[in-house]
Amino acid sequence: MNLWVLLAINSVSFGGLLFLLSAGFSLIFGLMRIPNLTHGSFFMLGAYIGVTLLGLGLDFWSAALLSALAIAAIGGAIERLLLRRLQGQELAQVLLTLGLSFMIADLCLMRWGGDPLSLDAPPALAQRVAILSFQFPVYRLAMVLVAVAVAAGLWLMLERTRLGAMIRAGVDDAPMARVMGIRVSRLFTTVFCLGAGLAGFAGVIGGPILSVYPGLDGDMLPLALIVVILGGTGSLLGSLVGSFVIAFLYNFGQAKLQELSYIILFLPMLLVLVLRPQGLFGRKAP
Amino acid sequence: MRARTAAAIALAALVSLPLWVANPYYVNIASQVLIYAIFALGLNVLVGYAGLVSLGHAGLFGLATYTVAWLVASGTGQLAAAVAALAMAVAMSAVFALLALRATGIGFLMITLALGQIVWGIAYRWISLTNGDNGINLGTRPMPFGIPLASASNFYVFTVIAFLLALAAMAVFVRSPLGASLRGARDQPRRMTALGYNVWLIRFLGFLFSGFWTGVAGLLFGYYHQFVSPQVLHLTASAEVLLMVISGGTGTLLGPIAGAALVVAMKTVASAYIERWNLVLGAIFVAIIVLMPEGLVPGSVRLWRWAWRWLLASPASAAGQRP
Amino acid sequence: MTALDVRELAKSFGGLRVTANVNLAVAPGERRLIIGPNGAGKTTLFNLITGELTPDAGSVHLFGRDITGIASRRRPHLGLARTYQIITLFPRDTLLQNVVLALLGLSRLRWNPLLPLGSQRHLRELARAALARVGLEAIAERPLSETSYGERRRVEIAMALAQNPRVLLLDEPFAGLSTDERRDVQRLLASIPREVTIVMIEHDMDVALEFAERITLLHFGEVIVEGTRAEVVKDPRTREVYLGA
């Protein structure tokens with residue numbers, strides 16, 4: 001029983017982390033209609049920058065925010081300088097993000113080396129609290145709270161602000177939004193920045209439980225992909241629900257069916273892609 | 001006629017390479033170029049001729065390698081193992097195709113990506129089957145007709161023969177009615193349907209053809225390295241071969257070959273001076289994509305176009321064939 | 001027996017009804033014209049007949065045979081050909097190669113992965129003949145990208161005719177053509193023998209009316225008026241549809 005409770009806690013907190021990662025991915029996919037294959041790299045780079053900032057003496061939360069801003073800036077540059085040049089050519093854009101992910105991965109390797117680095121949780125949270133008869137790591141609970149806070153913030157932004165309304169319009173029908181006077185190109189940049197920033201933030205938040213290592217990007221990207229494809233592109237609620245479902249599948253798969261864990265994870269995504277490829281991408285296949 | 005003489009010279013040079021290149025190191029590089037050239041040609045059937053970009057082809061490639069490795073390591077005869085490996089590659093291509101052809105464009109890309117990842121995940125995690133990260137050792141290279149392939153030059157000749165067969169098969173396919181149908185389906189699928197073609201089936205068959213030669217390349221790869229590990233199936237490998245196809249030009253037969261030579265050469269040179277090959281790979285990828293405003297498929301790379309036009313003077317168009 | 005029989009055909013997209021209980025019966029050899037303002041559902045009707053769209057209700061019959069459930073790629077084999085409003089041919093091929101592709105579509109040869117297509121002389125000769133029918137034999141070896149719009153329209157018709165259709169659907173064949181080109185196409189259509197039944201969608205009333213024997217007027221997906229040319233032209237409902245109630 002103990003094992004199951006532990007797995008459950010881990011899954012819920014991991015789900016929170018996945019949400020932080022996938023929310024941005026989902027918005028980018030929903031608005032710009034491309035799976036941003038650099039998203040895992042943003043996560044990893046954010047984590048690495050977090051390690052460096054912590055090493056410079058910053059406290060955890062400042063490091064997380066600063067890292068998020070740095071990644072957001074990088075994301076903005078990528079969108080404005082590269083992606084925008086390929087406007088309308090989604091296939092080329094996807095391959096571009098793939099190429100960038102290779103570059104970022106190698107740059108990280110050059111800068112931070114091949115050994116895993118630890119990113120410590122804030123000391124205040126690095127302890128356990130006893131609830132009922134179980135010992136819960138406080139940090140993991142904090143992760144869930146952070147995820148919920150971010151989710152609430154995103155929801156407010158999308159539902160209550162003008163920017164949010166424009167994003168929702170763009171997700172629904174970008175050409176139409178453009179016709180209605182919405183500066184869709186600028187929106188693309190904003191959302192890409194937001195998505196990247198969220199990923200970078202998630203990288204730092206996830207640091208204490210995942211640590212930071214080469215290949216982290218490759219480990220996280222497929223998860224974001226699966227969450228968004230299951231939950232629907234551009235859907236915040238879908239990302240939320242999807243994140244927790246995948247987190248549970250991932251943790252329980254790892255624990256119980258190690259050898260088939262990858263298949264368990266990818267199969268639902270494959271099924272959705274195969275059964276509903278048109279609805280997913282908003283485009284009729286010829 | 002310029003193209004014909006150029007081709008003849010190139011062919012002669014290719015086949016006789018071990019005679020005038022003494023250093024086995026370079027002969028081995030040439031073998032690698034040819035193996036990847038077959039891989040790139042196989043992928044180009046889909047990318048260039050069918051207009052379908054796959055990011056999962058390393059899965060098919062590696063599946064052939066793993067199959068032959070596993071069978072040979074467990075005692076199966078070389079010939080049987082090779083046949084089985086190719087059969088597996090074609091069978092898996094059918095599975096890939098059945099799932100991926102539900103979509104085109106990005107949908108197709110993502111389904112093939114997911115499928116390639118699943119195959120990688122199996123190789124990486126199903127340790128009892130594949131030995132995981134430790135890989136599988138093939139032991140020795142096969143001995144077709146009793147001729148040992150241990151030496152660099154012997155293996156090279158074996159590879160050249162396979163390469164020439166692949167090239168011939170590609171040329172025949174491309175000039176055939178089925179090849180023309182595939183290209184038609186790439187350019188105007190709706191019109192093709194209205195003309196009575198079964199676009200899905202045409203693409204399916206194209207996928208099988210592509211998968212077969214991808215399997216051949218995977219097989220040769222296994223013989224060459226005598227070892228296979230999950231790295232062979234990784235997304236990076238799929239991206240690499242895609243880069244070969246794109247950089248050489250998707251519209252021709254020689255394009256993927258040139259792309260393979262380019263990427264292998266760069267990889268070899270780069271790893272001598274720079275430790276970080278992936279950075280270079282990514283940078284070239286990005287540069288090519290950004291510099292190709294007319295789009296990825298089916299256009300050949302603008303940078304190469306003038307070179308090809310001179311060199312080839314298109315024997316293809318002389319025979320009334322489309323690019 | 002009717003050549004083309006459409007019964008109670010209906011299609012909606014979400015809440016929008018684009019085709020509402022359309023009935024159409026075209027006699028063999030007839031020259032039928034379908035007219036109607038923009039958005040009347042004319043091209044949608046064609047798409048339903050060729051099978052590119054699946055109807056919500058109703059049926060389509062070709063020379064007595066119910067083809068409603070038959071895949072659209074099979075219908076050319078049964079004698080149904082069509083052209084499109086927007087010309088979508090193969091720009092990097094020559095005119096000859098375009099027509100060869102059309103011929104290949106109905107031939108078992110299209111599955112052959114071994115023979116070189118360029119060596120199939122009978123196909124090339126048939127293609128040349130098809131281009132001669134539309135007066136383009138002289139430029140058969142020219143790439144499509146180097147031809148005029150009017151020439152491409154004629155190639156498209158050549159490709160459709162090359163498949164020896166029994167029913168030919170023409171979707172705005174005169175759109176975008178100059179006066180001379182229009183005349184060429186007119187003559188071409190007039191020369192098509194009665195073995196081919198023709199149904200045409202057209203906006204250009206001058207050329208279209210000359211061509212038509214019977215006219216069907218569509219509006220909001222419904223058949224408003226149908227009859228001989230004289231009948232439809234005189235009918236007050238026709239004026240209503242075009243000039244507003």
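**Entry 1: a pair of strands in chain C**

I started with strand 6 of chain C, which is joined by three bridges to strand 7 (residues 167–171) of chain C, the two running parallel. Across this pairing I found R82(C) opposite L169(C), the latter in strand 7 of chain C. A reminder to myself: this is a predicted model.

**Entry 2: the whole sheet**

Next I asked in what order the strands of this open sheet come. I read the order as 6-7-8-3-9-10 in chain C, six strands with mixed pairing. Strand 6 (80–82) and strand 10 (222–228) of chain C are at the edges with a single partner strand each, so one side of each has no neighbour in the sheet. I also looked up the turn between neighbouring strands, which is 15° on average, direction ignored.

**Entry 3: helices on the sheet**

Which strands does helix 1 (residues 42–50) of chain C touch as it packs on the sheet? I noted strand 3 (31–35), strand 6, strand 7, strand 8 (197–201) and strand 9 (214–219) of chain C. The direction of this helix makes about 150° with that of strand 7 of chain C. I then turned to helix 8 (residues 236–243) of chain C, which lies across strand 9 and strand 10 of chain C and runs at about 135° to strand 10.

**Entry 4: two helices of chain A**

Over in chain A, I looked at helix 1 (residues 2–32) and helix 8 (residues 184–210), whose axes come within 8 Å and cross at roughly 165°. That angle is why I call helix 1 of chain A roughly antiparallel to helix 8 of chain A. The crossing of these two helices of chain A is left-handed. Their contact has 20 nonpolar residues, three polar and no charged ones.

**Entry 5: where chain A meets chain B**

I found 35 residues from chain A and 35 residues from chain B in this contact. On the side of chain A, the elements giving two or more residues are helix 4 (90–112), helix 11 (261–275) and helix 12 (277–281). Helix 4 of chain A gives the most, with 16 residues. By class, I noted 27 nonpolar, four polar and four charged residues on that side of chain A.

**Entry 6: where chain B meets chain C**

Here the contact takes 24 residues from chain B and 26 residues from chain C. For chain B, helix 7 (152–175), helix 8 (177–187) and helix 9 (189–194) are the elements that give two or more residues. Helix 8 of chain B gives the most, with six residues. My last note is that this side of chain B has 10 nonpolar, nine polar and five charged residues.

Methods:
Residues are numbered from 1 along each chain as its sequence is written. Chains are lettered from A and ligands numbered from 1 in the order in which they are written. This is a predicted model: local features need pLDDT of at least 70, side-chain atom pairs count only at pLDDT 80 or more; totals for chains, interfaces and linings use all residues. Two residues are in contact if their C-beta atoms, placed from the backbone, lie within 7 Å. Helices (H or I, at least four residues) and strands (E, at least two) are DSSP runs, numbered from the N terminus. Ala, Val, Leu, Ile, Met, Phe, Trp, Tyr, Cys and Pro count as nonpolar, Asp, Glu, Lys and Arg as charged, and the others, Gly among them, as polar. Axes are lines fitted to C-alpha atoms, for helices over the stretch in contact, and angles run from 0 to 180 degrees between N-to-C directions. Angles under 35 degrees count as roughly parallel, over 145 as roughly antiparallel, 65 to 115 as roughly perpendicular and the rest as oblique. A crossing is left-handed if the near helix is turned anticlockwise from the far one by less than a right angle, and right-handed if clockwise. Two strands pair if DSSP finds at least two bridges between them.
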